[in-house]
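Here are my notes on the model you sent over, written as numbered points so you can follow along with the structure open. I hope they help.

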Amino acid sequence: MKILDDEERNAHWNAVLREGAIGTAVGLGVSAGLVAFIKRRQPLRYKSFNASLKTALWVMPTVTIGAFFADEGSVNFDRQMHQSDYLNQQEAQKLEQWNKLSLADKIFTRVNENKYKIIISAWALSLWGSWHIVNKDKYMTTTQKAVQARVYAQAITVVLLLGTVLLSMHEQELKKKQPPPVPEWKKFLDEQESHKREQQRLAQQQQKQKEHESAKPLEGQAAHEKKTFEKKSEEKKELLKETAKESL
């Protein structure tokens with residue numbers, strides 16, 4: 001369990017308040033648009049609403065969107081504070097892989113990442129386009145126009161499905177060219193092992209430095225004792241020489 005200090009707690013609270021205020025403003029805008037839409041389309045029905053229902057039209061979207069933004073602010077703050085290094089590492093790896101791709105593969109990757117948005121948008125556009133084209137025929141009935149537009153839309157849907165299959169096949173080919181992804185648990189274990197080896201290396205260096213520093217006084221003491229012994233030996237020799245001269 002992580003214990004938060006006052007500074008981090010205040011920063012988290014400020015982030016939640018800031019995002020909550022933005023969400024509240026957005027919610028008020030949505031509520032105002034909803035109320036204006038009901039007033040314009042159903043003015044009599046809106047007048048028949050009681051005070052509780054009118055209040056709910058303003059409060060519910062505002063509170064819901066404000067709470068959603070505040071929760072997202074809390075999650076983003078936690079991600080930025082405690083997962084920023086990991087996310088930066090992931091972004092660096094993605095950027096490195098992106099730079100290795102060719103131009104065609106880059107275009108395919110972007111299309112593949114947004115394929116569902118493209119397919120749904122193209123399908124909706126095909127429905128509108130087919131109806132717009134068929135509706136120009138003045139001799140067909142509405143039922144015949146709807147059937148004809150549906151046929152066109154179905155043909156376009158089949159083409160889109162075939163495109164999805166081709167995208168999936170090309171995606172599999174790209175994955176075969178890339179090295180197999182390393183599992184996150186293995187990355188974590190490798191990082192822990194590397195960190196452990198680094199700590200052991202630093203501990204060994206510190207131990208050697210301590211031994212070297214502790215050996216210096218001993219070496220100095222031994223040198224001093226050696227000099228003292230040599231000095232005493234010289235004095236003893238001089239004394240013996242003087243004694244020998246006196247005896248002669």
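1. Serine 130 has a relative accessible area of 4%, under the 20% cut-off, so this residue counts as buried. Its place is in helix α6, which covers residues 115–134. If you set aside sequence neighbours within four places, the contacts of serine 130 are Ala149, Tyr152 and Ala153. Please keep in mind that this is a predicted model.

2. Valine 134 belongs to helix α6 too. With 4% relative accessibility, valine 134 counts as buried. Not counting residues up to four places away in sequence, valine 134 touches Met140, Lys145, Gln148, Ala149 and Tyr152. Ala149 and Tyr152 will be familiar from the contacts of serine 130. For a backbone distance, take valine 134 and valine 147: they are 13 residues apart along the chain, and 9.6 Å separates their C-alpha atoms.

3. Which residues make up the largest nonpolar core? The five members are Val35, Ile38, Tyr46, Phe49 and Leu57. Valine 35 is in contact with Tyr46, Leu57 and Trp58, again leaving aside neighbours within four places in sequence.

4. Now for the aromatic rings, where the count comes to two pairs. One is formed by tyrosine 46 and phenylalanine 49: the ring centres lie 5.9 Å apart and the planes meet at 70°, so this pair is edge-to-face. Both tyrosine 46 and phenylalanine 49 are buried. Phenylalanine 68 and phenylalanine 69 also make an edge-to-face pair, with 6.2 Å from centre to centre and 75° between the planes. Here phenylalanine 68 counts as exposed, at 52% relative accessibility, while phenylalanine 69 is partly exposed, at 25%.

5. Tyrosine 46 deserves another look, since a charge sits over its ring. The charge is the end of lysine 54, placed 5.0 Å from the ring centre. Tyrosine 46 therefore appears in three settings: as a member of the largest nonpolar core, as the partner of phenylalanine 49 in an aromatic pair, and beneath the charged end of lysine 54.

6. How many salt bridges are there? The count is two. In one of them, arginine 197 is joined to glutamate 193, and their closest N and O atoms are 3.8 Å apart. These two residues are four apart in helix α8 (residues 184–247), so about one helical turn separates them. Arginine 197 is partly exposed, at 48% relative accessibility, and glutamate 193 is partly exposed as well, at 39%.

7. Arginine 201 and glutamate 198 also form a salt bridge, with 2.4 Å between the closest N and O atoms. Both residues lie in helix α8, three residues apart, which is about one turn of the helix. Are they buried or partly exposed? Arginine 201 has a relative accessible area of 37% and is partly exposed; glutamate 198, at 35%, is partly exposed too.

8. Lastly, a word on confidence. The mean pLDDT of the protein chain is 79, and 83% of the residues score at least 70. Confidence is highest in helix α1 (residues 6–41), with a mean of 90, and lowest in helix α4 (residues 84–100), with a mean of 70. Where pLDDT is low, predicted coordinates should not be read in detail.

Note on methods:
Residues are numbered from 1 along each chain as its sequence is written. This is a predicted model: local features need pLDDT of at least 70, side-chain atom pairs count only at pLDDT 80 or more; totals for chains, interfaces and linings use all residues. Side-chain values use heavy atoms; hydrogens and water are left out. Rings of Phe, Tyr and Trp (its six-membered ring) pair if their centres lie within 6.5 Å; planes under 30 degrees apart count as stacked, over 60 as edge-to-face and the rest as tilted. Buried means under 20% relative accessible area, exposed over 50%, partly exposed in between (1.4 Å probe, protein chains only). A charge sits over a ring if NZ of Lys or CZ of Arg is within 6 Å of the ring centre and within 35 degrees of the ring normal. pLDDT is the predictor's confidence in each residue, from 0 to 100. A nonpolar core is a set of buried Ala, Val, Leu, Ile, Met, Phe, Trp, Tyr and Cys residues joined through side-chain atoms within 4.5 Å. Contact means heavy atoms within 4.5 Å. A salt bridge is a side-chain nitrogen of Lys or Arg within 4 Å of a carboxyl oxygen of Asp or Glu.
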